[in-house]
Amino acid sequence: MSNTHTRSAINWEIGPIFRAMLRNKVGVILVALQIAVTMTVIVNSVYIIIERSKEMQRDSGIDNENSFSLTSTGFAENFNTPITVTEDLNSLRALPGVVDAIQINAVPNSGSGWSMGLKTQSGVEYDAVGTAVYMVDDHGINALDVEIIAGENFAATDIGMRDVGQVTWPDKTIITKAMAENLFPDIPYHSVVGKTVFINNDDPMIVVGIIDKLQAPWVGWNNLENDMLSPERMDFKGSRYFVRTKPGQRDSVMKQVEELLANSNKGRLIQRMRSVEETRERSYRGHTAMIKILTTVMIILTIVTALGIVGLASFSVNQRKKQIGTRRALGASQSAIVRYFMLENFLISSIGVILGAALTIGLNIILVNTFGLNKLDWFYIPIGMLALWLVGQSAVLGPAKKAANIPPALATRTV
């Protein structure tokens, strides 16, 4: 009985509410537009934040927590890179706490590296599949902590020496599962072992192994897991070392390595010693900054929208004090007065969120076409609408209670 009475009361109040809204069209329109804009920004911002957070949590394929890298740059006239690299790696691998160490041309997720294109046929005019290139020796699999899921590792006899400016490539390579599937989409990845791919358009390389996962240096690249290992050491003045340690020993090993290498050869500089976690944090700073900015914007917009709703409701209460007093004198309960203003706000919010849903879809289309973002999942819109309804109802509750406390005697006052 009470539910039927409540529904009848709500239906009876809608007419007066609409008439009151029409008398204050500017305020209603401004608040509805504010709600629409807030919903548009918040829904798309939340979606972007979630997408960026997922990207930051992607598995790099390597042992992030227990790995670090550094560079060794020779400056002495008699500095011999091949001999120095061999001595350094022997010393690093012998250190207690070190699992393995390699010379490498780039570090995953570092933002800087080498890229090439691979084809499945030589001399054929079609786009090559882009790949990140990691130059490693036969310790690369263990040092990077990746797993060979098909084929085999490089042998020590496969490792060549790359000179500055060299354009030729070894005749073997190991590629990621993702790269194998992109190159040969019609066959299982394990069947790619033994296949020949072509680099530099016509230089053949035999795929001797497939690894499970390894990310490229560029965190914003769409083909992040397209990677290849090339069996090479580098005869460059600047060498980058990648070191993997036993669990929990990274920080102590980093101090030992810096001291060891600095003292072993005075003709070089040891620089940029960073953990993989720090390297990833640097590469994802753009994502982190975007998340902080969007979060701040959402909070500010929500507060401003709530204040707008409070302001409109408070203005409405002040304008209708005598009317409210009359209703109270005629027997309207405090809960009826609260319900009246809550319903009024619900109607205004509904106009705003319906418009906001259309604007949200429109903004997402622009973001997809302009910045290559993914399309917004459908469920974000109803969640956004519900959130803005709740914000509106929460914001109007204070002024509604204030209106409910207006005494019936106010109806008899002439001033």
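## Worked exercises on a predicted model

Q121 counts as partly exposed, at 44% relative accessibility (buried is under 20% relative accessible area, exposed over 50%, partly exposed in between, with a 1.4 Å probe and protein chains only). This is a predicted model, in which local features need pLDDT of at least 70 and side-chain atom pairs need 80 or more, while totals for chains, interfaces and linings use all residues. Residues are numbered from 1 along each chain, and side-chain values use heavy atoms, without hydrogens and water.

### Exercise 1: Two loop residues

Task: Find which elements flank Q121, and how far Q121 is from L312 in sequence and in space.

Solution.
- Start with the loop. Q121 sits between strand 3 (114-119) and strand 4 (129-136) (helices are DSSP runs of H or I with at least four residues, strands are runs of E with at least two, both numbered from the N terminus).
- Now take the pair. Q121 and L312 are 191 residues apart in sequence. Their C-alpha atoms are 69 Å apart in space.

Task: Do the same for E77 and its partner G267. Is E77 buried or exposed?

Solution.
- Locate E77 first. Its loop runs between strand 1 (67-74) and helix 3 (81-94).
- Check the surface. E77 has a relative accessible area of 83%, so it is exposed.
- Look across the chain. E77 and G267 are 190 residues apart along the chain. Their C-alpha atoms are separated by 8.3 Å.

### Exercise 2: Helix against helix

Task: Describe how helix 10 packs on helix 11 by angle and axis distance.

Solution.
- Identify the helices. Helix 10 covers residues 334-371, and helix 11 covers residues 380-404.
- Read the geometry. The angle is about 150 degrees, and the axes are 8 Å apart (axes are lines fitted to C-alpha atoms, for helices over the stretch in contact; angles run from 0 to 180 degrees between N-to-C directions).
- Name the arrangement. Helix 10 is therefore roughly antiparallel to helix 11 (under 35 degrees is roughly parallel, over 145 roughly antiparallel, 65 to 115 roughly perpendicular, the rest oblique).
- Sort the contact residues. The contact of helix 10 with helix 11 has 17 nonpolar, seven polar and one charged residues (Ala, Val, Leu, Ile, Met, Phe, Trp, Tyr, Cys and Pro are nonpolar; Asp, Glu, Lys and Arg are charged; the others, Gly among them, are polar).

Task: Place helix 8 against helix 11 and against helix 2.

Solution.
- Take helix 11 first. Helix 8 spans residues 285-319. Its axis comes within 9 Å of the axis of helix 11, and the two cross at roughly 30 degrees. That makes helix 8 roughly parallel to helix 11.
- Turn to helix 2, residues 25-56. Here the angle is about 160 degrees, with the axes 9 Å apart. Helix 2 and helix 8 are therefore roughly antiparallel.
- Sort the residues again. The contact of helix 2 with helix 8 divides into 18 nonpolar, 11 polar and two charged.

### Exercise 3: Aromatic rings

Task: How many aromatic pairs are there? Then describe the pair Y340 and F341.

Solution.
- Count first. There are seven aromatic pairs (rings of Phe, Tyr and Trp, the last by its six-membered ring, pair if their centres lie within 6.5 Å; planes under 30 degrees apart are stacked, over 60 edge-to-face, the rest tilted).
- Take Y340 and F341. Their ring centres are 5.3 Å apart and their planes are at 80 degrees, so the pair is edge-to-face.
- Check their surroundings. Y340 is buried, at 6% relative accessible area. F341 is buried too, at 2%.

Task: Describe the pair W378 and F379, and find which residues join them in a cluster.

Solution.
- Read the pair. W378 and F379 are edge-to-face, with 5.9 Å centre to centre and 85 degrees between the planes.
- Check exposure. W378 is exposed, at 68% relative accessibility. F379 is partly exposed, at 33%.
- Widen the view. Ring pairs link Y47, W378, F379 and Y380 into a cluster.

### Exercise 4: Positive phi

Task: Where do N200 and R272 lie, and what is the phi of each?

Solution.
- N200 has phi near 55 degrees, a positive value in a residue other than glycine. The loop of N200 lies between strand 8 (196-199) and strand 9 (203-211). N200 is partly exposed, at 31% relative accessible area.
- R272 has a positive phi, near 45 degrees, and is not a glycine either. R272 lies in strand 12 (residues 268-275). R272 is partly exposed, at 47%.
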